[in-house]
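These are my notes from a first pass through the model. I wrote each one down as I looked it up.

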There are 2 protein chains.
Amino acid sequence: MKKDLRIIKTQENLRRALLKLLKEKPLEDISITELCRIAKINRGTFYLHYKDVHGVLKDYWETIIADLKESYEEPYYQTNFKIENVQADMIKIFHHVKQYQDFYQIIFSEKTPMFYYYQLFETVHSFVRDSFNKSLTDDNKNLKVEFLISYQTNAILGLLLEWHKQDYETSVELLNEQLIYSIRLGK
Amino acid sequence: MKKDLRIIKTQENLRRALLKLLKEKPLEDISITELCRIAKINRGTFYLHYKDVHGVLKDYWETIIADLKESYEEPYYQTNFKIENVQADMIKIFHHVKQYQDFYQIIFSEKTPMFYYYQLFETVHSFVRDSFNKSLTDDNKNLKVEFLISYQTNAILGLLLEWHKQDYETSVELLNEQLIYSIRLGK
DNA sequence: AAAGATATTGAACACTCGTTCATTAATTAT
DNA sequence: ATAATTAATGAACGAGTGTTCAATATCTTT
């Protein structure tokens, strides 16, 4: 029981149209009517799938988050130093954001709802937790670990927002250095 | 040269109407037309002052931020321990958010634009910087201080978002304890 | 290949939006 | 108090919104 081809076609057309329009104008200026005109679908059909223009973006967002989770699973260079171990995986996040920079420029802009921030937070949070579980010995763990995890997640998200403000000029490597410095503080 | 009374009256009516409507329904469901009907002002007049419903909220937001800055200026209990010194002022933030809980519930909700978060960040950031300047001796300062300040700001904002998610159930005191614990990490 | 299921279409509806403009009303300055 | 200034009003506009419904087109199942 797979999805109806017509649905897939409609959604693909809408996503394509949105990405095309986003190169011309900000999200707020894109009307449903215009989006449907470009996508060559009826406006009524739009409402069968989405509530508003953001709905189409959220769909795309899900694939991006899925891609982030996937790239986290992949192996990456690991040093022997404990602190770096905990944090080595996090550079993947920076590479991911850099890769989808055009998208994150929208996600982090002032007019965009907090929704995306929260979802990214949850994702990064699960990464940090995972890293902790990998590198902590049992006697190393304590009740405050949960708290540390959140703390570090906030540090990462904060770095990303700062990066956004600087228009993604800092290199991924420097960003990662800053993060490692943060983590050393929170050792 | 003060502001025309009619302008003040119009803006007050709009703010009052918005606060009234916000008790009934979420911000997204409030149309300009309805807001004007409640405020008993012409819809055309609305556009002389604001661009959208969020504009009215932003106006109110400015007074709230001003109030936060004011309460930061007021004296507060100071301990003799350095770490607590740096952080003692920050409990004011928690009290402030608790005081305007109804408002922050909106500010931090998924559908609200990042705008408010960024402004709050800047404000808290200036507080943290100020605290550092107060409590750090000159030889204590180094190039990484700026970085520490941002780091701690992120910790505070992260705590606030966490607080929001838990519907502001945690007490201000416990929240402050958690913050002090964070800061001790980042000593 | 035909039948059944379901997605898309187009048209229509009342409504909101953002803007304009001449008219009226309220406020400020003289 | 009067004149000058400026804000608010009401009406109208073209466009977008969100929804409905019967008719049509497309896909899936047998």
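How far is a phosphate oxygen of DNA strand D from an N or O atom in the side chain of Thr33(A)? I get 3.1 Å for that pair. I should keep in mind that this is a predicted model.

**Entry: strand D**

I stayed with strand D and listed its surroundings. I find 22 residues around DNA strand D, and Arg6(A), Arg43(A), Thr10(B), Asn42(B) and Thr45(B) are the closest. Of the strand D atoms that come within 4 Å of the protein, 67% belong to sugar and phosphate.

I then picked out two more contacts. The side chain of His49(B) puts a polar atom 2.9 Å from a phosphate oxygen of DNA strand D. Arg6(B) goes to a base instead: an N or O atom of the Arg6(B) side chain is 3.0 Å from a base oxygen of the strand.

Next I asked which elements give two or more residues to the surface near DNA strand D. From chain A I noted helix 1, helix 2 (32–39) and helix 3, and from chain B helix 1 and helix 3. Helix 3 of chain B has the largest share, with 4 residues. Sorted by class, I count 7 nonpolar, 6 polar and 9 charged residues on the surface near strand D.

**Entry: strand C**

I ran the same look-ups on the other strand. Of the 22 residues around DNA strand C, the nearest are Thr10(A), Asn42(A), Thr45(A), Arg6(B) and Arg43(B). Sugar and phosphate make up 65% of the strand C atoms that come within 4 Å of the protein.

Three chain A side chains went into my list. For Thr10(A), an N or O atom of the side chain is 2.3 Å from a phosphate oxygen of DNA strand C. For Thr45(A), a polar side-chain atom lies 2.8 Å from a phosphate oxygen of strand C. For Arg6(A), the partner is a base oxygen of DNA strand C, 2.9 Å from a side-chain N or O atom.

Here the elements that give two or more residues to the nearby surface are helix 1 and helix 3 (43–49) of chain A, plus helix 1 (5–22), helix 2 (32–39) and helix 3 (43–49) of chain B. Which one gives the most to the surface near DNA strand C? I find helix 3 of chain A on top, with 4 residues. By class, I have 7 nonpolar, 6 polar and 9 charged residues near strand C.

**Entry: Thr10(A)**

I went back to Thr10(A) for its setting in the protein. Thr10(A) sits in helix 1 of chain A, which covers residues 5–22. Is Thr10(A) buried or exposed? I note Thr10(A) as buried, because its relative accessible area is 9% and the cut-off for buried is under 20%. Leaving out residues up to four places away in sequence, Thr10(A) touches Ile41(A), Thr45(A) and His49(A).

**Entry: the annotated stretch**

I checked the record too. An unreviewed UniProt entry places a "DNA-binding region" at residues 31–50 of chain A. I computed that span as 75% helix and 0% strand, with its end C-alpha atoms 13 Å apart.

**Entry: cysteines**

I searched the whole structure for disulfides and found 0 over all chains. I looked at Cys36 in both chains anyway. Cys36(A) is buried, at 3% relative accessible area, and Cys36(B) is buried, at 3% as well.

**Entry: Asn154(A)**

Where does Asn154(A) lie? I place Asn154(A) in helix 9 of chain A, residues 145–165. Asn154(A) counts as buried, since its relative accessibility is 7%. Not counting residues up to four places away in sequence, I see Asn154(A) touching Phe121(A) in chain A. On the chain B side, Asn154(A) touches Asn154(B), Gly158(B) and Leu159(B).

**Entry: two positive phi values**

Last, I noted two backbone angles. Asp167(A) is not a glycine, yet its phi is positive, near 60°. I find Asp167(A) in the loop between helix 9 and helix 10 (172–185) of chain A, and it counts as partly exposed at 44% relative accessibility.

Lys40(B) also has a positive phi without being a glycine, near 55°. Lys40(B) belongs to the loop between helix 2 and helix 3 of chain B. I put Lys40(B) down as exposed because its relative accessible area is 74%.

Methods: Residues are numbered from 1 along each chain as its sequence is written. Chains are lettered from A and ligands numbered from 1 in the order in which they are written. This is a predicted model: local features need pLDDT of at least 70, side-chain atom pairs count only at pLDDT 80 or more; totals for chains, interfaces and linings use all residues. Side-chain values use heavy atoms; hydrogens and water are left out. Buried means under 20% relative accessible area, exposed over 50%, partly exposed in between (1.4 Å probe, protein chains only). Contact means heavy atoms within 4.5 Å. A residue is near a molecule or strand if one of its heavy atoms lies within 4 Å of it. A polar contact is a pair of N or O atoms within 3.5 Å; within protein, one must be able to donate a hydrogen and the other to accept it, and residues adjacent in sequence count only if both atoms are side-chain atoms. Ala, Val, Leu, Ile, Met, Phe, Trp, Tyr, Cys and Pro count as nonpolar, Asp, Glu, Lys and Arg as charged, and the others, Gly among them, as polar. UniProt positions are given in the numbering used here, feature names are shortened, and annotations may be inferred rather than shown by experiment. A disulfide is a pair of cysteine sulfur atoms within 2.5 Å.
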